[in-house]
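Here are my notes on the model you sent. Please read them with the structure open.

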Amino acid sequence: VRAAATSGSSTIRCMRGHRVDANMVCGTCRPVLSELHAGAGAGHSITKKSVCDLLPSVVVVALWDADTQCFRNVGSGFVVDRKYGLVVTAGHILFNMVPGHDFGAPYFGLKNTKIAVGIIPGGCAGDENTADKTAFFRYFAEIVASDIHRVDACVLKITTRMENDVASDAQIATQSETLVDFQKEELAALKITRRYELEETVRVLGFNQGGEGLLEQGKHVNRSADFAKGYICKRFTASDDHSNSSDESSTNGGEFSPREEIVIMCPTIIGHSGGAVVSDEGKVIGILSRVDPAENHRCYLVPASEIKILISSAKRTVNAMSRSVDAVDAVAR
């Protein structure tokens, strides 16, 4: 309702996507709604951030299998912390999330893997229509936070940089690695927010791996960033549809049972899993997790509230690792 008042829209959508006259819900008339819009614009003007401004923080994440020297899985993500070199992506890009005995197995049970992270070199500077938005794989990373039974997201820490930026999985094996100095890397990060409104317009940022109708899916890694537009239609919580008994069994068993999700109506794009879903202000409200099998325009997001918990856990882990390294160095000296 607040979003409708701010935008001056005369209609809003219910949680099921039906259009409703905003005046009927608010008990207002059109002039009053217009005044609210004018007042909001005067004191709380929002500058919409373009997709091009946001793309420097968007990354392509790939699980590389050293035994076959090819990518096992590819998705999207975004840099959330420049100081720590933290990246957020979807859990199912790096974990087996098929219900069963092996649910939650990191790296799909593969023993000789690396996580490759690709960024757009130099960001996306220049004219929006001509700027190069192609990513190259530059870093290796490791998982530092996850809660795979409850949250289809994980936090990665960039650990090393490849000798050269690479474009394909065939080039990964030839790259030597150096530790990353984040003060010199100039990574761009996106801010996250817990605030969102029903019917709010959002954009999903990522890397389409569908093949564009020309290439066989899974045989080619697309490194050109794109986006899809949609709107928020519902906040979903486990208590809406699950009993306590099923909740407890899924926690200890081999299946995914999210505590909370944001539902959006948006075109489905393969490869956008883990991609940042941003507001007009350019703040991340969640990441793309899954699609309704019965309605492929109905998508589910991991909300920022869950992502923030993982980020806090990741920072504690990284700090503990740093202290451990310092202690070993002190003993060595």
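The points below cover aromatic contacts first and strand pairing after that.

1. Keep in mind that this is a predicted model.

2. Which aromatic rings pair up? A search of the whole structure gives one aromatic pair. It consists of F71 and F137, with ring centres 5.0 Å apart. Their planes meet at 45°, which lies between the 30 and 60 degree limits, so the pair counts as tilted.

3. The pair links distant parts of the chain. F71 belongs to strand β4 (residues 70-81), while F137 belongs to strand β7 (residues 136-146). They are 66 residues apart.

4. Are these two rings buried or exposed? F71 has a relative accessible area of 12%, so it is buried. F137 has a value of 0%, so it is buried too.

5. Two charged residues sit over rings. K114 lies over the face of F140, 4.6 Å from the ring centre. R223 lies over the face of F136, at 4.7 Å from the ring centre.

6. Now to strand β5 (residues 86-89), which is covered on both faces. L86 and V88 are buried on one side. V87 and T89 are buried on the other. In a regular strand, side chains alternate between the two faces of the sheet.

7. What does β5 pair with? β4 runs antiparallel to β5, joined by four bridges. Within this pairing, G77 stands opposite T89. The two strands form a hairpin with four residues between them. G85, in the turn, has a positive phi of about 70°.

8. β5 also pairs with strand β8 (residues 154-166), again antiparallel and over four bridges. Here V87 has L156 as its bridge partner.

Note on methods. Residues are numbered from 1 along each chain as its sequence is written. This is a predicted model: local features need pLDDT of at least 70, side-chain atom pairs count only at pLDDT 80 or more; totals for chains, interfaces and linings use all residues. Side-chain values use heavy atoms; hydrogens and water are left out. Rings of Phe, Tyr and Trp (its six-membered ring) pair if their centres lie within 6.5 Å; planes under 30 degrees apart count as stacked, over 60 as edge-to-face and the rest as tilted. Buried means under 20% relative accessible area, exposed over 50%, partly exposed in between (1.4 Å probe, protein chains only). A charge sits over a ring if NZ of Lys or CZ of Arg is within 6 Å of the ring centre and within 35 degrees of the ring normal. Two strands pair if DSSP finds at least two bridges between them.
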